[in-house]
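Colleague: I would like to go through this model with you, one question at a time, and I would be glad if you gave the reasoning behind each reply.

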Amino acid sequence: MTRDKNDILPFFDLTHQDEEIGEEILRCIHNVIKSGKFILDENVSAFESEVAEYLEVEFAVGVASGTDALQLALIALDIGDGDEVITTPFSFIATAEVIRHVGAKPIFVDIDARTFNLSADHVEAVITDKTAAIMPVHIFGQSSDITELSTICKRHNIKLIEDCCQSFGAVFNGEKVGAFGDAGGFSFYPSKNLGALGDGGLVVTKHKEVAEKIRMLRNHGAKSPNQHELLGFNSRLDEIQAAVLREKLKNIDKNNSRRRKIAQRYNQLLANLPIVIPYEDPGGIHIFNQYTILSEQRDDIAIALKSENIASAIYYPIPLHKQPVMNKDYPDLVLPVTEDVTKRCISLPIYPELQEECIQKISAAIRTVFEQ
Ligand SMILES: Cc1ncc(COP(=O)(O)O)c(C=O)c1O
């Protein structure tokens, strides 16, 4: 990839992802077109088997998005009206949205200052007789303390649903995320580590009956044609996206390693600045869907990057309990770590195709903030 010095360096660049496998992707799309089978056919079932093998889970069910994956998982686990679900306030809105959509209430607890994940230390204090589940998010590509959360769920006989939407291939204690909970939801939104050419999602589970229920829920509640046993949805992963994902799955380890190398380069080039670089829990493998730093001067960093035509993003500027759609239910909730992180975080471009010269340019622009 050659880049003119005046080109904008985007936050993520999906235009070059097909340089290596573009031909194969076109071939598999063409094969789907030739087959004339676009919905729930051989590519979806083959992808489900291949992805289940990769993630080392028993069941995998393709659905239309990560949001749907989480919502269908909640429904299949019978979580609904009057239930409480403990979750993180530092995530994309979808995490809390789906809890509300099924009629349950998100109970937000503070995050760990180093990993930005739901802190297992705060969870037990908010468990009540209404608590039905814990839904941690493995934020930015790093697992939460999922073994501890799993122990808490077992102790209190509540469900564990992993929001793995940002963490395809991330590992904790030798196991890939998604394998710990009663269910896990993945997103194949194009900028994810495993991204489709449009929307897509996946539910994984160790329970046969949950997998069966999700297969029905994604297809209008039908077990067999014209037999609608559940109140379902149209939430199918389509054949073209499944075919593309099968091709891309072959490169996931290489691409995740490349992201890890880019993160290491940033760590080296940003060393000794008054910023906090991402903490990597030694018990896991972070797959860097985002490379997020903390700085008192994050606005100056964003300006310095912009003046060099470099994009950056604030994930997330507003905690979920303070979002207009949620805040009426939490007027007095104060979560100090989350609130501090939302004021200081800034994410830098990271994607497998990001070149060394760009990493250097980004890091040099950040350095200028502290040299003035
Ligand atoms: C943490 C988290 N949860 C849920 C979702 C929803 O996934 P999708 O966009 O595929 O519906 C996302 C996607 O951005 C996410 O980052």
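**Proline 89 and its surroundings**

Modeller: Leaving aside neighbours within four places in sequence, proline 89 is in contact with Phe108, Val109, Ile111, Pro319, Leu320, His321, Leu335 and Thr338. Please keep in mind throughout that this is a predicted model.

Colleague: Is proline 89 buried or exposed?

Modeller: Proline 89 lies in the loop between strand S2 (84-87) and H4. A residue counts as buried when its relative accessible area is under 20%, and proline 89 has a value of 1%, so proline 89 is buried.

Colleague: How far apart in space, C-alpha to C-alpha, are proline 89 and isoleucine 111?

Modeller: Isoleucine 111 is among the residues in contact with proline 89. In sequence the two are 22 residues apart, while in space the distance between their C-alpha atoms is 7.7 Å.

**The ligand**

Colleague: Which residues are the closest to the ligand?

Modeller: The ligand is surrounded by 14 residues, which divide into five nonpolar, seven polar and two charged. The closest of those surrounding residues are Gly66, Thr67, Asp163, Ser187 and Lys192.

Colleague: How much of the ligand does the protein bury?

Modeller: Three side chains can be looked at before the area itself: a polar side-chain atom of aspartate 163 lies 2.8 Å from a nitrogen atom of the ligand, and an N or O atom in the side chain of serine 187 is 2.6 Å from an oxygen atom of the ligand. In the side chain of lysine 192, an N or O atom is 2.8 Å from an oxygen atom of the ligand. Taken alone the ligand exposes 380 Å², and of that area the protein buries 92%.

Colleague: Which element gives the most to the shell around the ligand?

Modeller: Two or more residues of the shell come from helix H3 (66-76) and likewise from helix H4 (94-101). The element that gives the most, with three residues, is H3.

Colleague: Why is serine 187 counted as buried?

Modeller: Serine 187 is found in strand S8 (residues 183-187), and, not counting residues up to four places away in sequence, it touches Gly66, Cys165, Lys192, Leu194, Gly200 and Gly201. Buried means under 20% relative accessible area, and serine 187 is buried because its value is 10%.

**Core and helices**

Colleague: Which element provides the largest share of the largest nonpolar core?

Modeller: The largest nonpolar core has 26 residues, and those with the most contacts inside it are Leu74, Ile79, Val85, Ile161 and Ile214. Strand S1 (59-63), H3, H4, strand S4 (131-135) and helix H6 (208-217) are the elements that give two or more residues to this core. The largest share, six residues, comes from H3.

Colleague: Why can helix H7 be called largely enclosed by the rest of the structure?

Modeller: The buried residues of H7 include Glu239, Ala242 and Ala243, and these three are also among the contacts of asparagine 43. Helix H7 (residues 239-249) is largely enclosed because, of its eleven residues, the number buried is nine.

Colleague: What is the relative accessible area of asparagine 43?

Modeller: Asparagine 43 lies in helix H2 (residues 42-55), and, leaving aside neighbours within four places in sequence, its contacts are Val32, Glu239, Ala242, Ala243 and Arg246. Asparagine 43 is buried, and its relative accessible area is 11%.

Technical notes
Residues numbered from 1 in each chain as written. Predicted model: local features only at pLDDT ≥ 70, side-chain atom pairs only at ≥ 80, totals over all residues. Heavy atoms only, no water. Helix = DSSP H or I, 4+ residues; strand = E, 2+ residues; numbered from the N terminus. Buried < 20%, exposed > 50% of the residue type's maximum accessible area, 1.4 Å probe, protein only. Contact = heavy atoms within 4.5 Å. Near = heavy atom within 4 Å. Polar contact = N/O pair within 3.5 Å; in protein donor to acceptor, adjacent residues only side chain to side chain. Areas by Shrake-Rupley, 256 points an atom, 1.4 Å probe, with all protein chains shown as cover. Nonpolar A, V, L, I, M, F, W, Y, C, P; charged D, E, K, R; others polar. Core = buried A, V, L, I, M, F, W, Y, C linked by side-chain atoms within 4.5 Å.
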